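Dear colleague,

I am passing on the structure we spoke about, and it is placed just below so that you can keep it open as you read. My notes on what was found in it follow directly after.

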Amino acid sequence: MCERLPEDGVRVEAEPHCAPALGDPQLIERLVVNLVDNAVRHNHQVGEESWVRLWTGLDGGRPVLRIANSGPVIPSDRVTDLFQPFRRLGGGVAA
């Protein structure tokens, strides 16, 4: 996955811990790659160093993936929009 990251100054920090999960390994990998790609692509930190942090592990016995970046915070009233198919926060519809 790291070979796909751009060389534009975005620092990627990973803290992987064992997090066994059930599911199709290829689909899980695609999910993680898409989330990391979005975290890098939409990381528009101006005037400071940009970063993306990944963490995997168990929380309450469940596998967890956490991805954070230094980009703008999503307003809490717009978070549910992210789970709608083909929607973007800017109001546009993805093709």
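Ile28 is found in helix H1, and since this is a predicted model, please read what is said here about that residue, and about the others below, as computed from the prediction. Leaving aside its neighbours within four places in sequence, Ile28 is in contact with Leu22 and Gly23. Is Ile28 buried or exposed? Its relative accessible area is 33%, and because buried means under 20% and exposed means over 50%, Ile28 counts as partly exposed.

Helix H1 itself covers residues 25–41 and packs on the sheet, where it touches S2 and S3, and its direction makes about 20° with that of S3. The protein holds one helix and three strands, and read from the N terminus on, these elements follow the order β-α-β-β.

The sheet is an open one, built from three strands in the order S1-S2-S3, and its pairing is mixed. Strand S1 (11–16) and strand S3 (62–69) are the edge strands, each of them pairing on one side only, and from one strand to the next the twist averages 10°.

On one side of the sheet, S1 and strand S2 (residues 51–59) run parallel and are joined by six bridges. Within this pairing, Glu13 has Arg53 as its bridge partner in S2, while the bridge partner of Ala14 in S2 is Leu54. S2 and S3, by contrast, run antiparallel, with eight bridges between them, and here Asp59 stands opposite Arg62 in S3. The hairpin that S2 and S3 form has two residues between the strands, and in it Gly60 takes a positive phi near 65°.

Turning to the interior, you may ask which residues make up the largest nonpolar core. There are seven in all, namely Val10, Val32, Val36, Ala39, Val40, Val52 and Leu54, so that Leu54, the bridge partner of Ala14, is also one of the core residues. The elements that give two or more residues to this core are H1 and S2, and H1 gives the most, with four residues. As a general point, nonpolar side chains in soluble globular proteins tend to be buried together. Across the protein, buried residues make up 17% of the 95 residues. Among contacts between residues at least 6 apart in sequence, 59% join residues at least 24 apart.

Last come the aromatic rings, for which the structure holds zero aromatic pairs. Two arginines do lie over tryptophan faces, however: Arg53, the bridge partner of Glu13, lies over the face of Trp51 at 3.8 Å from the ring centre, and Arg66 lies over the face of Trp55 at 4.5 Å from the ring centre.

With best wishes

Definitions and conventions:
Residues are numbered from 1 along each chain as its sequence is written. This is a predicted model: local features need pLDDT of at least 70, side-chain atom pairs count only at pLDDT 80 or more; totals for chains, interfaces and linings use all residues. Side-chain values use heavy atoms; hydrogens and water are left out. Two strands pair if DSSP finds at least two bridges between them. Axes are lines fitted to C-alpha atoms, for helices over the stretch in contact, and angles run from 0 to 180 degrees between N-to-C directions. Contact means heavy atoms within 4.5 Å. Buried means under 20% relative accessible area, exposed over 50%, partly exposed in between (1.4 Å probe, protein chains only). A nonpolar core is a set of buried Ala, Val, Leu, Ile, Met, Phe, Trp, Tyr and Cys residues joined through side-chain atoms within 4.5 Å. Rings of Phe, Tyr and Trp (its six-membered ring) pair if their centres lie within 6.5 Å; planes under 30 degrees apart count as stacked, over 60 as edge-to-face and the rest as tilted. A charge sits over a ring if NZ of Lys or CZ of Arg is within 6 Å of the ring centre and within 35 degrees of the ring normal.
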